[in-house]
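User: Please help me read this model through its sheet and its main pocket.

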Amino acid sequence: MTKKLSEMTLEELWQLFPIILSEHSDNWQSYYLEEEAALKRILPGSAIITHIGSTAIPNIWAKPIVDILVEVDGETMNSVAASLSNNGYIIMSRAKNRISLNKGYTEQGFASKVFHLHLRCYGDNDEIYFRDYLIAHPEVAKQYEALKLSLWKQYEHDRDGYTEAKGEFVKKYTAIAKERIK
């Protein structure tokens, strides 16, 4: 009998959903646009929806998971999360003014389209600076790609370790991007 996702340990989830990197696909942008249209039907009109993460950066390898940032008023965050949960998203974690949700995770593994939705308060959007910097600086995007590829197999079943190992690179270029905006 297959366990429900909610019954699995973190280690079991990491085994079922390993880090996979693949060459850039133009499909990722169309997946985002399709999901954005669906989100606009269920989110408040004031929500800001943005494609972030490596699938939003041309010509680099990425996990074939479309990251979406949704910014809302902090007062509506819990009701927005409930609405997303009622529309196919799974709440994965909650922190102060941040809720992470996933869609496309099944007891059999990844679905054909997978999304990570980062629900945040307005202005909590450093990922946009990082994305825009890498788009504007393809050589830095290729450095990021090389870093991710070098970490892939070591952290294939450790998402937290993988994210942490990329952290200094992300922080560095996010700070540079934000400084250039000032």
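User: Which strands does helix H2 lie across, and at about what angle does H2 run to S1?

Analyst: In this predicted model, local features need pLDDT of at least 70 and side-chain atom pairs count only at pLDDT 80 or more, while totals for chains, interfaces and linings use all residues. Residues are numbered from 1 along each chain as its sequence is written, and side-chain values use heavy atoms, with hydrogens and water left out. Helix H2 (residues 27–42) lies across S1, S2, S4 (98–106) and S5 (109–121), where contact means heavy atoms within 4.5 Å, and helices (H or I, at least four residues) and strands (E, at least two) are DSSP runs numbered from the N terminus. With axes fitted as lines to C-alpha atoms, for helices over the stretch in contact, and angles running from 0 to 180 degrees between N-to-C directions, H2 runs to S1 at about 165°.

User: Why is one side of S1 and of S3 left without a neighbour in the sheet?

Analyst: The open sheet has 5 strands in the order S1-S2-S5-S4-S3, with mixed pairing, two strands being paired if DSSP finds at least two bridges between them. One side of each is free because S1 (48–52) and S3 (90–95) stand at the edges, each with a single partner strand.

User: Which residue in S2 is the bridge partner of Ile52?

Analyst: S1 pairs with S2 (residues 66–72) in the antiparallel sense, over 5 bridges. Within S2, the bridge partner of Ile52 is Asp67.

User: Which element gives the most to the lining of the largest pocket?

Analyst: A pocket is an open set of points on a 1 Å grid over the protein atoms alone, where a 1.4 Å probe fits, with protein on both sides within 12 Å along at least five of seven lines, and lining residues have an atom within 4 Å of a point. The largest pocket is lined by 42 residues, with Lys63, Asp67, His116, His118 and Thr163 nearest its centre. With 9 residues, the element that gives the most to this lining is H6.
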